[in-house]
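Grab a pencil and work through these exercises with the structure in view. Try each task yourself before you read its solution.

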Amino acid sequence: MCLPRRAALGLLPLLLLLPPAPEAAKKPTPCQRCRGLVDKFNQGLVDTAKKNFGGGNTAWEEKTLSKYKSSEIRLLEILEGLCESSDFECNQMLEAQEEHLEAWWLQLKNEYPDLFEWFCVKTLKVCCSPGTYGPDCLACQGGSQRPCSGNGHCSGDGSRQGDGSCRCHVGYQGPLCTDCMDGYFSSLRNETHSVCTVRTGSGSYTPCRLSLGCWRGMGHAWIRNTHTQPGYSSRVWIAASPACDESCKTCSGPTNRDCGECEVGWVLDEGACVDVDECAAETPPCSAAQFCKNANGSYTCEECDSSCVGCTGEGPGNCKECIPGYAREHGQCADVDECSLAEKACVRKNENCYNTPGSYVCVCPDGFEETEDACVPPAEAEATEEESLTQLPGHEDL
């Protein structure tokens, strides 16, 4: 049915008032899906850290196979928890890449301990290492260690997308985000860092950029004197303003008591901006497999020692608990030599025991024949075989 022209025009204002149709949810990129799978795998490692074989003859399994820590049973438990049954894309990716994950677990994890780097970056090639971008994982502007001088975001950082250009944070500009925008002054600038601070409304702080003939040093911003006076050169540097303290977002002076507003990671306490110790928070900011190190205005999460199940600091001496196969010795988690224990770890006759980090293996000597309950020397094995042949029924008995 065709509406009359007037009726159609009358509906136009109503159509304009209708809310826009919601945008379809953006599908995760291949890199995001891969990173999500790795994050869930790493969480599975934490969740299964204290578990052992789920059933059957556990003692036999631990002695005949490897310990649970590196067992296929543990891998299966982790894989089963990676995807929700309704997450089709996750399950599809897991099914396609399960052999890669199994190969890493059984053969490559000691050589390549970072699963994300090996799986997503080097094997599937759907992601890049942090600080790199694009199909060939080139270094971002400013270098991969501090892209965009730490003052911006690199387009495509960590993915196979983008062009590596910098999107500067507020207050910064330039190809490498090292220059300050109007209304901001440089409170620090050297070969590796550039910090721009917003000036206060009083106007006592001069925006400072090298491009404007300004540099900072000895606690001050220095600018060229553009005023000519009899007997004085116009190329004289004069102290324009002191630099803000690192704890200040805005300031009226050089100390942490002169802040108009505290920087992120700092809090006002008795008139001064002081560092927030994020590591002392009731809910720790780091994962169960990491420990927290406080820094001025921030913190870092460091990986626990490989012998730890949770830790409070660096090294095996700061473990909360030891992983299976390790025990406390002289105040730190050390490998248990199962082969030297009073109770024999390898119980079959003639069997050799070899200690490994966190575990052990039982192996028959070269030339010995392996049976369920013994390692049989070659001579005995031949004698047993001949004896069994002589005991075969004769033709007459058949």
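**Exercise 1. Is Cys-322 buried or exposed, and which cysteine is its partner?**

Step 1. Start with the cut-offs: buried means under 20% relative accessible area, exposed means over 50%, and partly exposed lies in between (1.4 Å probe, protein chains only). Cys-322 has a relative accessible area of 19%, so Cys-322 is buried.

Step 2. Before going on, note that this is a predicted model, where local features need pLDDT of at least 70 and side-chain atom pairs count only at pLDDT 80 or more, while totals for chains, interfaces and linings use all residues. Residues are numbered from 1 along each chain as its sequence is written, and side-chain values use heavy atoms, with hydrogens and water left out.

Step 3. Now the partner: a disulfide (a pair of cysteine sulfur atoms within 2.5 Å) joins Cys-322 to Cys-333, with 1.9 Å from S to S. In general, a disulfide is a covalent bond between the sulfur atoms of two cysteines.

Step 4. Check the handedness. The torsion about the S-S bond of Cys-322 and Cys-333 is about -85°, so this disulfide is left-handed.

Step 5. Place both ends. Helices (H or I, at least four residues) and strands (E, at least two) are DSSP runs, numbered from the N terminus. Cys-322 sits in strand E19 (residues 319–322) and Cys-333 in strand E21 (residues 332–335), so the pair ties together parts that are eleven residues apart in sequence.

Step 6. Finish with the partner's surroundings: Cys-333 has 6% relative accessibility and therefore counts as buried.

**Exercise 2. Which parts of the chain does the disulfide of Cys-346 and Cys-362 tie together?**

Step 1. Look at the bond: the sulfur atoms of Cys-346 and Cys-362 are 2.0 Å apart. The angle about their S-S bond is -85°, and the link is left-handed.

Step 2. Find the ends. Cys-346 belongs to the loop between E21 and strand E22 (352–356), and Cys-362 to strand E23 (residues 359–363), so the pair ties together parts that are 16 residues apart in sequence.

Step 3. Compare with the cut-offs. Cys-346, at 3% relative accessibility, counts as buried, and Cys-362 is buried with a relative accessible area of 18%.

**Exercise 3. How many disulfides does the structure hold, and what is the accessibility of Cys-168 and Cys-177?**

Step 1. Count them up: you should get 17 disulfides. One of them joins Cys-168 to Cys-177, with an S to S distance of 2.1 Å.

Step 2. Read the angle: this link of Cys-168 and Cys-177 has -90° about the S-S bond and is left-handed.

Step 3. Take each end in turn. Cys-168 has a relative accessible area of 27%, so Cys-168 is partly exposed. Cys-177 has 0%, so Cys-177 is buried.

**Exercise 4. Which residues are linked with Arg-348 in a network of salt bridges?**

Step 1. Get the rule straight: a salt bridge is a side-chain nitrogen of Lys or Arg within 4 Å of a carboxyl oxygen of Asp or Glu. The structure holds three salt bridges.

Step 2. Try the pair of Arg-348 and Glu-351: their side chains meet at 2.7 Å, N to O. Both residues are buried.

Step 3. Next comes Glu-370, whose salt bridge with Arg-348 has its closest N and O atoms 3.0 Å apart. This pair links distant parts of the chain, with Glu-370 in strand E24 (residues 369–370) and Arg-348 in the loop between E21 and E22, 22 residues apart.

Step 4. Check the cover. Glu-370 is exposed, with a relative accessible area of 55%, whereas Arg-348 counts as buried at 14% relative accessibility.

Step 5. Put the pieces together: Arg-348, Glu-351 and Glu-370 make up the network.

**Exercise 5. Where do Glu-89 and Arg-33 lie, and how far apart are they along the chain?**

Step 1. Start with the contact: the side chains of Glu-89 and Arg-33 meet in a salt bridge of 3.6 Å, N to O.

Step 2. Locate them. Glu-89 is in helix H5 and Arg-33 in helix H2 (residues 30–47), 56 residues apart, so to speak of distant parts of the chain is fair.

Step 3. Look at exposure: at 27% relative accessibility, Glu-89 counts as partly exposed, and Arg-33 counts as partly exposed at 27% too.
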